[in-house]
Amino acid sequence: MAGTPTLAVVLDGLSTAGLTTGCRHGVPWYVAHLGSQIVSALSAPDRPLADGLADAIERVAELHPGCDLGNPGTPSATVAILRENSESLDHLVLADSPVVFDGADGISVITDLRVDEVLPDLKAAVEQYETHTGEHREALQKLVSAQRQVRNTPEGYWVAAAVPEAAEHALSGTVPGVGVHAAAVMSDGVSRLVTEYGMATWSEVFDTLRAGGPCELIDTVRKVEATDPTGRRWPRYKSGDDATVAFCQW
């Protein structure tokens with residue numbers, strides 16, 4: 001996560017599932033550098049978010065030219081950005097880290113679920129096994145290997161990696177600031193409390209954020225996951241995914 005008083009950036013590094021990436025730095029390095037570059041690229045408050053993201057992706061690629069950036073598994077991340085202007089709120093999502101608004105007209109969720117539309121058979125194969133088993137690990141590696149072949153292609157889905165063009169495929173827009181009471185920018189490791197586990201509504205998520213902040217919401221997610229550590233009730237890729245939340249109120 002990175003940000004300023006008017007900018008919130010949440011990145012979620014994609015799992016390598018133990019496969020090679022062609023990069024000696026790794027996913028955490030990529031995420032850390034991309035976050036700081038996005039903040040720098042969007043220092044001008046009127047710059048389009050997609051332009052800033054494209055610039056940031058290019059800058060990070062220039063930081064490790066000795067790595068194989070053409071490797072389909074090169075370190076990559078989902079992106080969710082929220083920026084406050086004088087009378088509006090700009091948002092951008094690339095892959096499944098959402099931006100959620102709580103306003104006078106109710107809840108509005110901005111998310112990009114194109115990854116869910118590809119390779120359904122391989123996903124189903126992963127979900128038939130409990131986590132922490134050899135069968136689950138093998139099925140997950142097959143899925144991730146296949147996902148890499150369609151990642152950042154018109155036939156697949158888009159994430160931030162080494163190609164600035166991916167930013168052109170982000171979902172972005174602007175909403176009037178008036179009437180928006182709060183917003184949450186989060187990784188899918190948090191949003192699954194609503195979308196996959198069905199253990200809270202978005203209104204309840206905002207109630208939790210107002211009462212105890214991001215730490216309490218993440219703790220709630222972990223407590224839910226602890227009731228199903230091997231993924232029997234909620235089949236998933238891992239027992240608990242990375243969880244990050246930026247909570248904004250007006």
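Two strands count as a pair if DSSP finds at least two bridges between them. Helices (H or I, at least four residues) and strands (E, at least two) are themselves DSSP runs, numbered from the N terminus. With that settled, here is a tour of this predicted model, in which local features need pLDDT of at least 70 and side-chain atom pairs count only at pLDDT 80 or more, while totals for chains, interfaces and linings use all residues. Residues are numbered from 1 along each chain as its sequence is written, and side-chain values use heavy atoms, with hydrogens and water left out.

**Strand E3 and its partners**

A good place to start is E3, which covers residues 77-84. On one side, E2 and E3 run antiparallel and share seven bridges, with Leu7 standing opposite Arg83 of E3. E3 also pairs with E4, again in the antiparallel sense, over six bridges. In that pairing Ala80 sits opposite Val93 of E4, and a hairpin of three residues joins E3 to E4.

How many of the eight residues of E3 are buried? Seven are, so the strand is largely enclosed by the rest of the structure. Buried here means under 20% relative accessible area, exposed means over 50%, and partly exposed is in between (1.4 Å probe, protein chains only).

As background, side chains in a regular strand alternate between the two faces of the sheet.

**Nonpolar cores**

A nonpolar core is a set of buried Ala, Val, Leu, Ile, Met, Phe, Trp, Tyr and Cys residues joined through side-chain atoms within 4.5 Å. The largest one has 26 residues, and those with the most contacts inside it are Leu34, Ile38, Val79 and Ile81. E2, H1, helix H2 (49-63), E3 and E4 each give two or more residues to this core. Take Leu34: leaving aside neighbours within four places in sequence, Leu34 is in contact (heavy atoms within 4.5 Å) with Leu11, Ala56, Ile57, Val60, Val79 and Ala160. Apart from this core lies another, of 20 residues, among them Val190, Val224, Ala243 and Phe247.

**Salt bridges**

A salt bridge is a side-chain nitrogen of Lys or Arg within 4 Å of a carboxyl oxygen of Asp or Glu. Searching the whole structure turns up 14 of them, including these:

| Pair | Distance, N to O |
|---|---|
| Asp90 and Arg83 | 2.9 Å |
| Lys142 and Glu138 | 3.8 Å |
| Asp188 and Arg192 | 3.3 Å |

Are the partners in the Asp90 pair buried or exposed? Asp90 is buried, with a relative accessible area of 8%, and Arg83 is buried too, at 5%.

Lys142 and Glu138 both belong to helix H4 (residues 134-150), where they are four residues apart, about one turn of the helix. Glu138 is partly exposed, at 47% relative accessibility. Asp188 and Arg192 are likewise four residues apart, about one turn, but in helix H5 (residues 188-195). An α-helix has 3.6 residues a turn, so residues three or four places apart point the same way.

Asp188 and Arg192 are both buried. They also belong to a wider network of salt bridges that links Asp188, Arg192, Lys238 and Asp241.

**Helix H5**

Seven of the eight residues of H5 are buried, so this helix is largely enclosed by the rest of the structure. The buried ones are Asp188, Gly189, Val190, Ser191, Arg192, Leu193 and Val194. What do they pack against? Their neighbours are E2, strand E8 (180-186), helix H6 (202-226) and strand E9 (245-249).

**A few loop residues**

Most residues other than glycine have a negative phi. Ala17 has a positive phi of about 55 degrees although it is not a glycine. Its place is the loop between strand E2 (7-13) and helix H1 (27-41), and Ala17 is buried at 16% relative accessible area. Ala95 also has a positive phi, of about 80 degrees. You'll find Ala95 in the loop between strand E4 (88-94) and strand E5 (99-103), buried at 4% relative accessibility.

Last comes His64, in the loop between H2 and E3. His64 counts as buried at 4% relative accessibility. Setting aside neighbours within four places in sequence, His64 is in contact with Cys23, His25, Trp29 and Leu69. Arg114 is elsewhere: His64 and Arg114 are 50 residues apart in sequence and 28 Å apart in space, C-alpha to C-alpha.
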